[in-house]
Amino acid sequence: DLETHKGKLTRPFGVLDTARERVVFGQGTFDTDLDTDTADKVYAARQSGSQWQLQELHPQGTVPSRRFGSCAAYVRDQDLGLDGVLVLGGQQGGMAGALTYDETWWLDFSGRPDGEWKDISDRFANRADFGPRREGACAYDATSRTFYSWMGRASKAVPGGAKHSSGIWRVRLDPLAGTAPLTWERLAEDDLKGLRGRNLIPSVWDPEYRRFFVLGGRNDLDEFADAWVIYPDLTGEACEALDPYAPFRAGPTLTPPPTRRIRPAAWSCA
């Protein structure tokens, strides 16, 4: 399929599998207008010199329905026995009546390198509050064992919902290896004022400074060129002392533009 539609695959999920030194990507679409051109396959790519070796993976279990616009993060915790990819949301292919999914899938590599698909959607005690999502960003913080989801297309039907989200959610993954419920925690409502909701943003997490980014994106026909940095664990006076340019001070001297901060009660810091 990749050879037949060379250069046309868009909106797949993609992660770096650090345990096996490979990039794992899958789903996506060759044509957003056609359900038949939406994918459900998963691939692994390894770099060999200046080239990439590509292979299709064949996970066990029930394969998620074809979709594009899901986001994912690689999760590895040897103490908890976690080794896999958490895949969130996505959209059915085609235009008329296409569904946005409220599903969460676990592609488990702990038993075999090709993995096993597991639908863990029903393990979320507040699944209905989170609702369907697509084309947002995801990341995993190994230090706190926390999975983050921010921005993207969402639903007005959920509490505090919006068509284009500017919200942030997180879930602790300590219970993932067992059977205990998982729970989404909202850090910011989807209809947050002062920062326009958007989709099609990259998943960029800074593990050293424990922050993530909002880079560009779209809201219908509007295209953005702004950049935001979000510190999910900082509140109150700590926000006022922030210097988001600190990591770059060792480089060339820059004159940063004024930093905008939005600190609603439901959101930690931006």
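In the predicted model, L88 is in contact with S70, C71, E103, T104, F130, C138, F147, S149 and W184, its neighbours within four places in sequence being left aside. This residue belongs to strand β6, which covers residues 82-88. With a relative accessibility of 4%, L88 falls below the 20% limit and therefore counts as buried. A separation of 8.5 Å was computed between the C-alpha atoms of L88 and Y101, two residues that stand 13 positions apart along the chain.

Two of the partners of L88, namely C71 and C138, are also joined to each other by a disulfide, with an S to S distance of 1.8 Å. A disulfide is a covalent bond between the sulfur atoms of two cysteines. C71 is placed in strand β5 (residues 71-77) and C138 in strand β9 (residues 137-141), so the pair ties together parts of the chain that are 67 residues apart in sequence. Both ends of this link are buried: the relative accessibility is 7% for C71 and 3% for C138. The count of disulfides in the model comes to one.

The setting of these residues is a chain whose secondary structure comprises two helices and 17 strands. The radius of gyration is 19 Å, close to the 18 Å that the globule rule gives for 270 residues, so the chain is as compact as a globular protein of that length. Measures along the principal axes give a span of about 50 × 45 × 40 Å for the C-alpha trace. Of the 270 residues in the chain, 47% are buried. Among contacts with a separation of 6 or more, 53% are made by residues 24 or more positions apart.

The surface and the charges of the chain were also examined. The accessible surface amounts to about 13500 Å², and carbon and sulfur atoms contribute 49% of this area. The chain carries 33 positive and 38 negative charges, and the mean positions of the two sets lie 2 Å apart.

Close in sequence to C71, residue G69 occupies the loop between β4 (51-57) and β5. G69 has a relative accessible area of 4% and is buried. Apart from residues up to four places away in sequence, G69 touches R11, G90, R134 and E135. The C-alpha atoms of G69 and N219 are separated by 15 Å, the two residues being 150 positions apart along the chain.

R11, one of the residues touched by G69, is found in the segment before β1 (13-17). Although R11 is not a glycine, its phi is positive, at about 60°. A relative accessibility of 33% places R11 in the partly exposed class. T10 is likewise located in the segment before β1, and T10 counts as partly exposed at 35% relative accessibility. When neighbours within four places in sequence are left aside, T10 is in contact with G28 and T29. Between T10 and D243, which are 233 residues apart along the chain, the C-alpha separation is 35 Å.

A positive phi also occurs at R210, where the value is about 50° although the residue is not a glycine. R210 is located in the loop between β13 (205-206) and β14 (211-215). The relative accessible area of R210 is 26%, and this residue is partly exposed.

Residue D119 lies in strand β8, which consists of residues 116-119. With a relative accessible area of 46%, D119 is partly exposed. Outside its neighbours within four places in sequence, D119 is in contact with T104 and W105. T104 is also listed among the contacts of L88. D119 and F68 are 51 residues apart in sequence, and the distance between their C-alpha atoms is 17 Å.

Definitions and conventions: Residues numbered from 1 in each chain as written. Predicted model: local features only at pLDDT ≥ 70, side-chain atom pairs only at ≥ 80, totals over all residues. Heavy atoms only, no water. Helix = DSSP H or I, 4+ residues; strand = E, 2+ residues; numbered from the N terminus. Rg over C-alpha atoms; globule rule 2.2 N^0.38 Å. Buried < 20%, exposed > 50% of the residue type's maximum accessible area, 1.4 Å probe, protein only. Contact = heavy atoms within 4.5 Å. Areas by Shrake-Rupley, 256 points an atom, 1.4 Å probe, with all protein chains shown as cover. Lys, Arg positive; Asp, Glu negative; His and termini not counted. Charge placed at Lys NZ, Arg CZ, Asp CG, Glu CD. Disulfide = S-S within 2.5 Å.
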